[in-house]
Amino acid sequence: MESLQNKNVLIVGATGGIGEEVAKMMKNSKANLFLTGRDTAKLNALAEKTGGKAYTLDITDEQAVNAVAEKIHADIEQVDILINVAGLGVVKPFDDLTYEDFDRTIAANLRGPFNLLKAFLPAMKKAKKGLIVNLPGVLGKTPMAGASVYAASKYGLNGMLKSVREELRRTEVRITNLYLGGVDTPFWDEEIDIRFDRKKFITAKEAATAVWFLCQQPRSGVVSEMALQPFNHQAI
Ligand SMILES: NC(=O)c1ccc[n+]([C@@H]2O[C@H](COP(=O)([O-])OP(=O)(O)OC[C@H]3O[C@@H](n4cnc5c(N)ncnc54)[C@H](OP(=O)(O)O)[C@@H]3O)[C@@H](O)[C@H]2O)c1
């Protein structure tokens, strides 16, 4: 296993259910933390708890992403590990979806990760090393009724990352996609028109443990993907 001690780890969406747990685990592993989220109060509280540097950031804003990347790169040569755990879920029948639902889902789940790659990948390519972890989720490769727009964003993310990986073959920049099933986080609090039993979901801590595990895999190879799903989360 690769040690995380003193690694420069950027967690995008650290204010989320999974992100916060990842931040705590990275702190315990003595990583050098850079944290982003939109909720400044929550972000600052987490930064204080973990000793990380906080950057309020909406990843849909290309200029804001570039500005944060500039600030971070003024401090360090490159981010060793970029973990993108930002994203949003709109899950409802196609007939109920609005154009606004489409735009903001694609903006957060696909355009945002594109902005992050544009801003952070060049320094990794220059250094010829780095790890980028994203969470396309199982809905990034398996369809589900009610998930048309969400799946569109996550299938898109999956395709983009897999294609970029092909362009990185001559470097040691690694891209890992984690396909999670239902995780019990605030993600499911709103706008989800589906009957699931959240008690049967994976916990945020278990999901974060998978991320933490992936970040410690030997650099001689790449874990291209990993899937972690609950056994069953249908409501009875
Ligand atoms: N929960 C699940 O069942 C599940 C399953 C598979 C994959 N995933 C994926 O895992 C990731 C994290 O989900 P979660 O369950 O931890 O959700 P969550 O608790 O709702 O957290 C979402 C995070 O994304 C951030 N975010 C949302 N839109 C953003 C934007 N435009 N710019 C910057 N940050 C933004 C939020 O920031 P603020 O709170 O600061 O606004 C928050 O930190 C998402 O990509 C999701 O698609 C989740």
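Colleague: In this predicted model, which residue of β3 does G37 stand opposite?

Modeller: G37 stands opposite T56 in β3. Another bridge links the two strands, for F34 has K53 as its bridge partner in β3.

Colleague: How do you know that β2 and β3 pair?

Modeller: Two strands pair if at least two bridges are found between them. Strand β2 and strand β3 (residues 53–56) have four bridges, in the parallel sense. Four meets the requirement of at least two, and therefore the strands count as paired.

Colleague: What makes β1 and β2 a pair as well?

Modeller: The same rule of at least two bridges applies. Strand β1 (residues 8–12) and β2 pair over five bridges, again in the parallel sense, so the requirement is met. One of these bridges joins L10 to F34 in β2.

Colleague: Why is strand β2 called mostly covered?

Modeller: A residue is buried if its relative accessible area is under 20%. Five of the six residues of β2 (residues 32–37) are buried, so the strand is described as mostly covered.

Colleague: What makes β1, α1 and β2 a right-handed unit?

Modeller: With the strands pointing away from the viewer, the path from the first strand over the helix to the second must run clockwise. The β-α-β unit of β1, α1 and β2 is right-handed, so its path runs clockwise in that view. The unit formed by β2, helix α2 (residues 40–50) and β3 is right-handed too.

Colleague: How do you know that T15 makes a polar contact with the ligand?

Modeller: A polar contact is a pair of N or O atoms within 3.5 Å. An N or O atom in the side chain of T15 is 2.6 Å from an oxygen atom of the ligand, so the pair qualifies. By the same limit, R38 qualifies because a polar atom of its side chain lies 2.8 Å from a ligand oxygen. For V183, a polar backbone atom is 2.7 Å from an oxygen atom of the ligand.

Colleague: How much of the ligand's accessible area does the protein cover?

Modeller: On its own the ligand has 890 Å² of accessible area, and the protein covers 91% of that. Helices α1 (17–28) and α5 (148–167) are the elements that give two or more residues to the shell.

Colleague: What makes up the shell around the ligand, by class?

Modeller: The shell has 12 nonpolar, 11 polar and four charged residues. Of the 27 residues around the ligand, those that come nearest are T15, G17, Y150, V183 and T185.

Conventions:
Residues numbered from 1 in each chain as written. Predicted model: local features only at pLDDT ≥ 70, side-chain atom pairs only at ≥ 80, totals over all residues. Heavy atoms only, no water. Near = heavy atom within 4 Å. Polar contact = N/O pair within 3.5 Å; in protein donor to acceptor, adjacent residues only side chain to side chain. Areas by Shrake-Rupley, 256 points an atom, 1.4 Å probe, with all protein chains shown as cover. Nonpolar A, V, L, I, M, F, W, Y, C, P; charged D, E, K, R; others polar. Buried < 20%, exposed > 50% of the residue type's maximum accessible area, 1.4 Å probe, protein only.
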